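I opened my notebook to record, step by step, what I looked up in this entry.

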Amino acid sequence: MPGARGRYSISERLDPTEEFAGVGPVTGEITVENTGSLLLVRGWLQATVRCSCKRCLSEFDRALDVEVEEEFATESTDRDIETVDRDEPEAAAISHYVLDVSDLVRQQIAVSAPMAPICQSDCRGLCPQCGRNLNEGPCDCGPQLSDSRWEKLRDLFGDVSEIEH
Ligand SMILES: [Zn+2]
Ligand SMILES: [Zn+2]
């Protein structure tokens, strides 16, 4: 029925996906309003997702604060689906229209979750040679090659520049 309005408290568990897994339930509150031709869904969702850092592969949690603002065209009112399916208490029936709240929550969190999560903006990543997490300290390879090692090479082979020419 146009003008019908409902307010819903959200508490949904997220199924883990390839990109992220939910930590605890998604909570929040949404308001659903039927304008006659549109179903307006507005509100806020709070969630914490566990991400895997794209650089160092370590896992970390990120809190998400998601503003929901969606419009759905209302379905034909010919069908009589006015009552909430009792087997699916989270399905909200607003005048001939059933909104799958779980599905809505999943979609909202999926688009808000970081696509290429980085644990911290200055994450040093993994050493490409030994695989060590460089956030935990430098490794012994690459540019960190110590001066004393160069000295030993010089002792053995003379000055490096002479070897190359
Ligand atoms: Zn990282
Ligand atoms: Zn290394």
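Along strand 3, which side chains point to one face and are buried, and which point to the other and are not? I found that V26, G28, I30, V32 and N34 point to one face and are buried, while T27, E29, T31 and E33 point to the other face and are not. I took a residue as buried if 20 or more other C-beta atoms, placed from the backbone, lie within 10 Å of its own. In a regular strand the side chains alternate between the two faces of the sheet.

I noted that this is a predicted model, in which local features need pLDDT of at least 70 and side-chain atom pairs count only at pLDDT 80 or more, while totals for chains, interfaces and linings use all residues. Residues are numbered from 1 along each chain as its sequence is written, and chains are lettered from A and ligands numbered from 1 in the order in which they are written.

I then looked up the partners of strand 3, strands being DSSP runs of E with at least two residues, and helices runs of H or I with at least four, numbered from the N terminus. Strand 1 (residues 5-12) runs antiparallel to strand 3 and is joined to it by 8 bridges, with R5 opposite E33. Strand 4 is also antiparallel to strand 3, through 8 bridges, and T31 has R42 as its bridge partner there.

Last, I turned to the largest nonpolar core, a set of buried Ala, Val, Leu, Ile, Met, Phe, Trp, Tyr and Cys residues joined through C-beta atoms within 7 Å. This core has 14 residues, and V26 and I109 are among those that touch the most other members. Strand 4 gives the most to this core, with 5 residues.

Methods:
A residue is buried if 20 or more other C-beta atoms lie within 10 Å of its own, exposed if 12 or fewer, and partly exposed in between; C-beta atoms are placed from the backbone. Two strands pair if DSSP finds at least two bridges between them.
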